[in-house]
Amino acid sequence: MASFTATSMSMISLAKPSLVPSARISSPNSVSLSIKGRNFPSITLQPTGRRFQVTCAAKQETVQKVCDIVKKQLALPEGSSVTGESKFAALGADSLDTVEIVMGLEEEFGISVEEESAQSITTVQEAADMIDKLLESKC
Amino acid sequence: MSSLLDKARLMMNIHCLGRNLVTVSSSLHHVQLPAQKEAHFWYVLPDEIKDTNLLNQYFEILSPSEKESVFRMSGERLKKRAILARALVRTTLARYQINCQIDPKALKFKKNSYGKPEVDLQYTEDWNLPQLHFNISHTSSLIACGVTVGSPIGIDVEEKQRRLKNDVLAFARRYFSPDEIEMLTQIADPELRRLELIKLWTMKEAYVKAVGKGFSNSPFNTFTVRLGDHLKTSVDLRPRVMSKAHEITVEPPDDSKNISGNWQFVLLELYGSHYAAICIEQESTNRGKRSIPVNLMLRKTIPFVEDECIFGTDKAVVIGGLTTLLEC
């Protein structure tokens, strides 16, 4: 169940789609948001909402990019529904597709994925979360 | 000889008794168990199966959770593939009971600690079920199930015409071992290189699935698979009983605490359109000695309808590994 505080509501509404891909995200402290039962890494609650809105927008944009890469890899027809919840296997990805997707993600985001992590990714959201975590740790 | 025995059994209608078992007189042709060093390779061609009644029959033998998985697949084609894959596993394993009939629906499965599916024998103490190992692989045009007794098995099937989205060498550099990258780099023709990559992929995948500890415990770049004489530029399509010494070897990582044992490979070309790799563990008494061939029985099936023994035909050609194809 979504649980929003008043503060978090306003933060999310500040999120803007324009985002510098290499924007840095400082290491977390304080509040951790819980949305739909998923815990996002805790995010600095500073009056400078800009950093925060960057974090939220990054997640949405990451998911979108992952969806695009998956659609391309699996040659899904236009209009196919791919969302954060989409499981790779349910979309018809086999193990060769999955490793190609990982390669595509590494190239797109400039990250390097460990074999252990690569295997644990089964959905678009999991891939996006992993990417964001890796991007975060690059600071 | 064995078919007479089967007919007798069917007539006597011997059913396995046990809990949760609804006895069904099945129209599955029974087969002898694989012997040691023997592997059975069963496959279906989805395009041959269009009858919705038959597909419903297959769907009905699935467990509730398997049915749920089918519903989660996106689109009719993927749903059909999922149904066929599970039905192939259940009907294939059900054939191997010698003394009585097993309802394919009654088989139970579990996963090992790394997620590899296995037959759950806990429920079958009444049945005298042999220690069957199995592994499946599917492409859109061919779904296969490999079976052995007493040896872990891994299989992988790929369409020869499969195009990678990435450049072949870039892909190899990312995932394969240095020796394999070197081998691929030396192939000048891009098409041959791509085919060689697909072959390597199927063999490596079959190996990891046979070991059964997951992709991350056997990263592809930590072991090298060699297919002897890989630089041969044409595939001999004459039907063969025993392959020439295109031996396939695997060099495991130095730290072999995760991977032990001696593994044997078979590489097949099916219908000129698919590569299929099979990997089984060589029995320990034979390690270090000259390899003896893997005995392989191939069968195309439409479960509940018909089986076809694939032998002495160029529908299936051994292109790697010491193998003897068996008559059924």
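Biologist: At what angle do α3(B) and α4(B) pack, and how far apart are their axes?

Modeller: The angle is about 155°, and the axes are 8 Å apart. That makes α3(B) roughly antiparallel to α4(B) (under 35 degrees counts as roughly parallel, over 145 as roughly antiparallel, 65 to 115 as roughly perpendicular and the rest as oblique). Axes are lines fitted to C-alpha atoms, for helices over the stretch in contact, with angles from 0 to 180 degrees between N-to-C directions. Helices are DSSP runs (H or I, at least four residues), as are strands (E, at least two), numbered from the N terminus.

Biologist: Before we go on, what sort of model is this?

Modeller: This is a predicted model, where local features need pLDDT of at least 70, side-chain atom pairs count only at pLDDT 80 or more, and totals for chains, interfaces and linings use all residues; side-chain values use heavy atoms, leaving out hydrogens and water. Residues are numbered from 1 along each chain as its sequence is written, while chains are lettered from A and ligands numbered from 1 in the order in which they are written.

Biologist: Thanks! Back to α3(B) and α4(B): is the crossing left-handed or right-handed?

Modeller: Right-handed (the near helix is turned clockwise from the far one by less than a right angle; anticlockwise would be left-handed). Glu66(B), Val70(B) and Phe71(B) of α3(B) touch Lys79(B), Ala82(B), Ile83(B), Arg86(B) and Arg90(B) of α4(B), with contact meaning heavy atoms within 4.5 Å.

Biologist: How do those residues divide by class?

Modeller: Four are nonpolar, none polar and four charged. Ala, Val, Leu, Ile, Met, Phe, Trp, Tyr, Cys and Pro count as nonpolar, Asp, Glu, Lys and Arg as charged, and the others, Gly among them, as polar.

Biologist: Which side chain does Arg86(B) meet in a salt bridge?

Modeller: Glu66(B), at 2.8 Å, N to O. The pair links distant parts of the chain, 20 residues apart, with Arg86(B) in α4 (residues 76–94) and Glu66(B) in α3 (residues 64–72) of chain B. Over all chains the count is 21 salt bridges (a side-chain nitrogen of Lys or Arg within 4 Å of a carboxyl oxygen of Asp or Glu).

Biologist: And how does α2(B) pack on α4(B)?

Modeller: Helix α2 (residues 52–60) of chain B packs on α4(B) at about 60°, with axes 9 Å apart. That makes α2(B) oblique to α4(B), and their crossing is left-handed. Leu55(B), Tyr58(B) and Phe59(B) meet Lys80(B), Ile83(B), Leu84(B) and Ala87(B). By class, six residues are nonpolar, none polar and one charged.

Biologist: Switching chains, what does UniProt place at residues 60–135 of chain A?

Modeller: The feature "domain: Carrier", from an unreviewed entry. UniProt positions follow the numbering used here, feature names are shortened, and annotations may be inferred rather than shown by experiment. In the model, that span is 62% helix and 0% strand, and its end C-alpha atoms lie 14 Å apart.
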